Amino acid sequence: MPASATQTLRVAVLADSDTRWKWGSLTANRIAPPNSDISLDGYLLRGRATPTARQLKEVGVTADSLREVTAVEFLRAMERGPEDQYDILVLSLVGGGVQAMLHGLARAWHGRAKRPVVVTGYVGVVYEKLTDGLLLRHGADLVLANSRQDADRFTAVYDGVGADSSAVTEVALPFLGGDAYTGEHDPYTVVFAVQPSVPDNRRDRDYLLNRAIQHARFHPNREVLLKLRSKPGEHTTHIEELPYQKLVQGKDLPANFSLVYGHMGDVLDRTDLLVTISSTAALESLHRRIPTVVLTDLGIREGLGNHHFVGSGCLASWDQLDAGYKPVPDAEWVARQGVAAEGSYETAFDAARERIAKLLAGDGMPALTPYYTPETAPGYLPGILARHHLGPDGTPLPGAPAADKAPGPVRQIVRRAARGAYRHGVQRVAPVIRRMGEL
């Protein structure tokens, strides 16, 4: 392609965890027109789950710039920047964060002729707080649905409350890829992809760990890998109070059982059977046609998220796996999940690209108009905004940190100490208090 035909697309991604940085940055690349070069600026929202350098490296996505900000610092940067600072802004945040940014940006960009196209969505399977999360994301120009099933559900929710549903745009999970599974490896490798918040108690987590270890003993010719999300002290999108690294201490582990970190795609390259409770890793595995099992040992329950896989053909127990069971996914179910195992993945983002191109080519962008306002949700919205130091109209509250004032050494030390204390409380103190409460 001639250099003159190549356009530079300026994109900003605001994320609040390693998983959401992965989703946001990869989405930015997927929704860019084919003839665009991307200039990507990353903003990491400061909080309990702000990713570490190791976590960012594991995601495998690079940015032209990357810095940590508070919500108010980010909004002030958007307000003070030129009208053409960015073409696209991806809000890869929890629902309340998206809502706060939408109101803050509406105020910051008030009266501007140009503004970025604002895109948001979910990092994976949506199995809880569907209505709450969707309405908190309403107001973005594009609300991405990772599958045909999600697009139908999103539209039904917005239409059901009388909100504009035109922003709902069907795409696919942006981190799918890798070579299709072609046959068993030597040794045959079973990967148990664990999750930070499911299950949420020591008994069940110990049970699952022991069953994975038992499977390794039953099948000495297999390699069994416990795929971990984070190291102790790190946080992901969800809080992990009982890391498997600690639960495994003191256990007698067979030689063919080991713990692994790293990029999920690299682990899947050597996987013959992916086992999980309800992780999005199951969809990555299904996309590559790797045999995939969603465990039923602890029941099929909304609290576990494995209810999402009803009808998938992937539900099974450790007992069945020990006996040699191999799952066969339901093709119709897989097709509705945005997995695109049949080869349509490259076109899955065409609709989003077309919508963005049309918005960028227009004479001007309309104002951001979230469904929640001080009139429609006077008892809910102010609290959402206040968590990010914003008033009911999206204006920064008095005492909010200034964007142009770099934190001094003392402030940096206090931040690190506070974050360390929080993580210690989550992983050490909270479980103790919970156990005392059960006495």
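Cores and sheets in a predicted model

The largest nonpolar core of this structure has 46 residues, and those with the most contacts inside it are Leu14, Phe74, Leu91, Met101 and Leu105. The structure is a predicted model. A second core, separate from this one, has 42 residues, among them Ala28, Leu40, Leu56 and Ala282.

Leu14 is a useful place to start. Leaving aside neighbours within four places in sequence, Leu14 is in contact with Phe74 and Met101. Outside that same sequence window, Leu14 also touches Tyr43, Leu45, Val69, Val90, Leu91, Ser92 and Leu93.

Next come the strands in this part of the chain. Strand β1 covers residues 7-15 and runs parallel to β2, residues 36-45, with nine bridges joining the two. Within this pairing, Val11 has Leu40 of β2 as its bridge partner. Between β1 and β2 the chain passes through helix α1, residues 18-31, and the resulting β-α-β crossover is right-handed. Strand β1 is also joined to β4, residues 88-92, by five bridges, again in parallel. Here the bridge partner of Ala12 is Leu89 in β4.

Further along the chain there is an open sheet of six strands, ordered β10-β9-β8-β11-β12-β13 and paired in parallel. Its edge strands, each pairing on one side only, are β10 (257-260) and β13 (315-316). Helix α7, residues 202-218, packs on this sheet and touches β8 (188-193), β9 (222-227), β10 and β12. The direction of α7 makes about 160° with that of β9. Within the sheet, three bridges connect β11 (residues 273-276) to β12 (residues 292-295) in the parallel sense. One of the residues involved is Leu274, whose bridge partner in β12 is Thr292.

Definitions and conventions. Residues numbered from 1 in each chain as written. Predicted model: local features only at pLDDT ≥ 70, side-chain atom pairs only at ≥ 80, totals over all residues. Heavy atoms only, no water. Pairing = 2+ DSSP bridges. Helix = DSSP H or I, 4+ residues; strand = E, 2+ residues; numbered from the N terminus. Right-handed = clockwise from strand over helix to strand, strands pointing away. Core = buried A, V, L, I, M, F, W, Y, C linked by side-chain atoms within 4.5 Å. Buried < 20%, exposed > 50% of the residue type's maximum accessible area, 1.4 Å probe, protein only. Contact = heavy atoms within 4.5 Å. Axes fitted to C-alpha atoms, helices over the stretch in contact; angles between N-to-C directions.
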